[in-house]
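User: I am new to this structure and would like to learn how to read its cysteines. Please take me through them step by step.

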Amino acid sequence: SEYDLGHFVQTLEAPSEVALQPGEYPVVTLMIFSQYPAEGEVADPSSCSIDQSDEVVDYNDKPLMITEVSLMYRTNLQYSKEPQLARPRLYGTDEEWLAAHVRPFFDAPCDQDTAISNGGWFETEGFLSIKSHFDLAARGYISCEGGVQDEDIGSWSSLSDYFSDGEMPNKTGGFRALHLLRRLWACANANGGDYSTCEYSAAETSRLANAVAIKEMERFEAATWSCGAICGGTGDVAFDLTTAEEVSYFVHFFDVMVSEGSLISQEDVLTLQTTLESMIDVFVDTFWTRKWQLWNGNNWTPHLCVAALEWAIVFWHESSGLAAHVLAIVNDIMWLHRDYYTEDGVYIEGVAEYGFMSMNGQMAMAALLQASFGISLAAIDAEIIQRLASYFISSMSSDGYIVDFGDSHRKRGWTIPLAVIEAAIAPASVNGDAISEASINSVQARAFSAASYGSGGFYSNPWRIRGNVLIFDSLNNLRTPPLYESQPLGGQVMDIFQAGGYARILTPLMSSGIQSPVCFLSKCIDPAFPSLWDNIPYSSFSFQARPNTYAHSEVDFGTFIWSAWGSRLISEFGYGTIATSVTQWDMRRYMYLDNNPAGHNTVVIQEAFQQDSDTVNFSQLNYVTGTLSSSTTFQDGSSCVVMDGSEIYGASRPDGWLDLMKRFACSFEAGSTLILDLVKTKENRTPLTLVGSQYGGPDFTEPSPASQTLTIEEYFYTDTEADVIVTNGEPSEVLPFARPSSLKWCSHVDAELLNDASSVALRPVCGIGGYRPGDGMGVVSGISLASAGQFVYDGLVTSVNRGYQAHALKKRRFRFVTDQTVGSEGDVRAFVLSPSLASYPLQPPPDVSLEDCSVENGCVANGSPIRCSCIQMCIGQVLKHVIVGDGDVVDIVNAGSC
């Protein structure tokens with residue numbers, strides 16, 4: 001059939017002497033030839049020509065040639081055991097499953113010393129209690145707080161819909177019911193059918209089992225097996241996110257329910273088996289036809305593979321050939337996903353939800369493979385996954401929300417908190433190794449728990465809570481109290497993930513000498529117990545230098561997010577329109593403000609806007625990467641994050657915008673941070689022309705002659721919670737914003753121009769936690785050394801969301817502008833972002849007094865600031881000089897007192 005379709009498949013074995021190891025692949029050279037089609041015998045054998053064929057053949061003047069060759073490297077998978085014959089089969093026999101994934105939680109002691117039992121549940125203080133996390137997910141109550149189950153099995157809210165007319169339980173409730181039924185049946189079977197020591201009686205177990213059988217067959221009959229165009233499908237049949245979710249769910253249903261007698265009729269058993277196998281046929285076809293849903297290698301790949309693997313285990317003996325084939329596919333295709341992690345542990349698609357999805361699928365596969373086949377998935381690199389834990393923790397801003405660069409979401413707390421723990425103990429999670437330490441330290445462990453609110457297992461699927469996570473609680477030195485109560489998350493730290501293009505600077509805002517208690521509007525820091533309030537006395541800056549060649553990346557080099565005193569002051573649009581069109585010539589993502597440079601906190605060139613547009617901007621070039629590094633330590637003891645985006649702004653091409661674009665980020669005492677931009681327009685640049693319409697994206701044509709001086713501005717975005725009304729197509733905010741008493745969480749920042757527009761005060765209305773006002777504020781001050789600069793407040797800026805709903809995304813924006821354009825002499829722009837506890841009108845915000853000190857430090861008056869310049873600033877009571885020379889920061893020195 002493949003031959004009839006024009007496909008010729010040849011399977012080759014690598015020579016044994018090559019000794020290929022998992023992950024290695026051969027380089028194959030093909031020698032191909034073409035021929036003209038002919039048929040029949042030639043009259044004169046000495047004159048072989050298509051013209052002499054004794055039969056006329058269509059297209060005999062066209063060569064027959066190979067137009068495409070695909071090389072697929074497959075590994076020889078070997079495993080030490082197979083799934084057992086008896087059901088259930090997932091995660092091994094009942095005895096193995098109970099011993100590995102149930103009893104460890106039941107038997108774990110309650111920890112009242114450093115963990116509140118429901119720690120992580122909506123602002124309750126304490127380290128995350130893994131035992132209680134499992135309790136809530138698997139039993140619906142917290143045993144360590146005296147919680148007990150009701151004798152009525154239907155009293156648990158997750159199961160109650162099974163006993164009501166018309167209501168269909170959600171799938172989390174379904175997974176919980178199946179998990180409970182397996183526990184109950186395993187308990188009774190281990191005791192000769194006696195339920196007296198089990199969680200519920202035989203009668204209650206039977207009542208739930210019968211209700212589950214009826215309701216879940218109704219769900220099965222109404223199931224939709226593909227998300228189609230909604231999730232990017234093009235009409236052809238493929239194994240997609242919805243297919244995977246339905247297969248995984250009903251495979252669990254089948255495995256558990258068929259294990260116990262005649263709860264499901266033989267007709268329904270056959271229907272389930274046939275339907276599920278037909279979906280796996282689609283999975284196999286998706287593999288062999290190289291459809292993107294599986295072959296992208298991104299977060300979909302583990303999500304799809306774990307469902308297929310679950311099917312393979314459950315039907316290993318009934319469909320042995322197909323199941324073994326699926327196992328081999330999963331083993332091979334997951335190597336594509338490995339490339340979505342950089343060597344320093346960054347997941348390149350972002351944290352929420354893609355990084356969490358990746359971990360969720362991979363860790364489930366790791367446990368399934370160990371239990372059923374005695375093997376580990378070689379494509380999962382445990383060392384890299386260990387580093388992922390630090391990346392996850394560094395991606396939590398000090399406002400308690402995940403940073404939302406690219407196509408990430410701004411999630412409150414941890415969507416899947418155990419993903420962080422499993423990453424921290426990756427050798428155990430992935431390979432089942434014994435470990436004695438985690439990949440994170442006590443400060444990181446406290447920071448993790450201090451942002452765990454809103455989880456607590458209440459939303460979790462118990463099948464995805466595996467016993468190895470309890471190892472985390474047994475490791476030493478992860479709950480060491482902080483040195484200073486006023487600095488519960490430790491001192492200043494600069495995290496740089498160079499390969500992944502991400503950096504964070506976390507700086508304490510209070511000195512170590514502040515006496516106890518340390519409180520913020522009645523919310524106090526407890527040295528023994530982490531809490532959400534640990535985040536308040538910190539300033540965090542997150543910087544984006546991720547290559548825009550990565551999947552789900554936006555064209556946003558140099559953008560940043562700033563949180564201080566528990567509120568986000570400078571923010572991002574986050575996941576707006578999806579940025580999946582990431583190839584060298586595909587520029588569709590430029591169409592939307594949230595994806596191109598003008599929608600980010602970065603350097604924006606006004607001449608790079610598409611004609612007659614104030615949203616489509618080409619300041620940064622498509623499919624070009626910059627670099628991220630750290631500076632040396634300067635005389636004042638500071639060091640900086642260095643983002644070099646010169647190539648992204650066109651340094652290597654004659655029609656590029658800039659020869660130099662470097663952004664430095666340096667944090668000082670009391671949390672003030674310097675953002676320093678060095679920009680220089682290309683000399684003798686030619687007009688820039690970009691063609692994006694070939695893929696349905698926007699084009700750009702710069703008028704000729706090309707601009708030799710450019711209007712360069714810095715953009716800053718902040719949050720608004722105000723309602724938006726649209727009049728004659730123009731959106732506006734309903735002001736003033738008055739926070740309703742019913743609004744538990746919000747993000748709203750009022751911006752005010754100060755000091756003749758040389759600075760902007762940012763006053764958050766909302767603080768960290770529910771119903772709380774802001775605990776502090778921030779000020780952004782700016783200066784240009786080449787010309788007079790000031791801030792301009794644009795107010796409301798809106799964009800479309802993924803559903804292309806107009807004005808669905810909303811921000812407020814202010815810009816730093818200058819009265820002159822920038823030529824080849826360049827410019828140096830300095831911005832100091834200062835957090836403060838000041839709250840207008842009680843006291844004025846800080847004034848950093850930015851000034852030009854170039855001549856004072858020996859630079860030529862009116863010379864090129866890129867070659868030699870100095871910026872003076874007042875940081876607290878310390879006068880600092882930032883020395884710039886030859887397109888770099890040469891030094892930062894303390895120059896006296898303010």
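Analyst: Start with a cut-off for burial. A residue is buried when its relative accessible area is under 20%, exposed when over 50%, and partly exposed in between. Keep in mind that this is a predicted model.

User: What is a disulfide, and how do I recognise one here?

Analyst: A disulfide is a covalent bond between the sulfur atoms of two cysteines. To spot one, look for a pair of cysteine sulfur atoms within 2.5 Å.

User: How many disulfides does this rule give?

Analyst: The count comes to nine disulfides. Let us read some of the pairs.

User: Which residue does C746 pair with?

Analyst: C746 forms a disulfide with C766, and their sulfur atoms are 1.7 Å apart. The torsion about the S-S bond of C746 and C766 is about -100°, so this disulfide is left-handed. The pair links distant parts of the chain, 20 residues apart. C746 sits in the loop between strand 17 (730–733) and strand 18 (749–754). C766 sits in the loop between strand 19 (759–764) and strand 20 (777–784).

User: Are C746 and C766 buried or exposed?

Analyst: Both C746 and C766 are buried.

User: Which residue is joined to C110?

Analyst: C110 is joined to C144 by a disulfide, with an S to S distance of 2.0 Å. The angle about the S-S bond of C110 and C144 is -90°, and the link is left-handed. C110 lies in the loop between helix 2 (103–107) and helix 3 (130–138), while C144 lies in the loop between helix 3 and helix 4 (157–160), so the pair ties together parts that are 34 residues apart in sequence.

User: Where do C110 and C144 fall on the burial scale?

Analyst: C110 has 41% relative accessibility and counts as partly exposed. C144 has a relative accessible area of 13%, so it is buried.

User: What can I read from the pair C859 and C868?

Analyst: C859 and C868 form a disulfide, with sulfur atoms 2.0 Å apart. Their link has -75° about the S-S bond and is left-handed. C859 is buried, at a relative accessible area of 7%. C868 is partly exposed, at 31% relative accessibility.

User: Why does C305 have no bond to the closest cysteine sulfur?

Analyst: Use the distance. The closest cysteine sulfur to that of C305 is in C227, 16 Å away, which is too far for a bond. As for burial, C305 has a relative accessible area of 0%, so it is buried.

Terms used: Residues numbered from 1 in each chain as written. Predicted model: local features only at pLDDT ≥ 70, side-chain atom pairs only at ≥ 80, totals over all residues. Heavy atoms only, no water. Helix = DSSP H or I, 4+ residues; strand = E, 2+ residues; numbered from the N terminus. Buried < 20%, exposed > 50% of the residue type's maximum accessible area, 1.4 Å probe, protein only.
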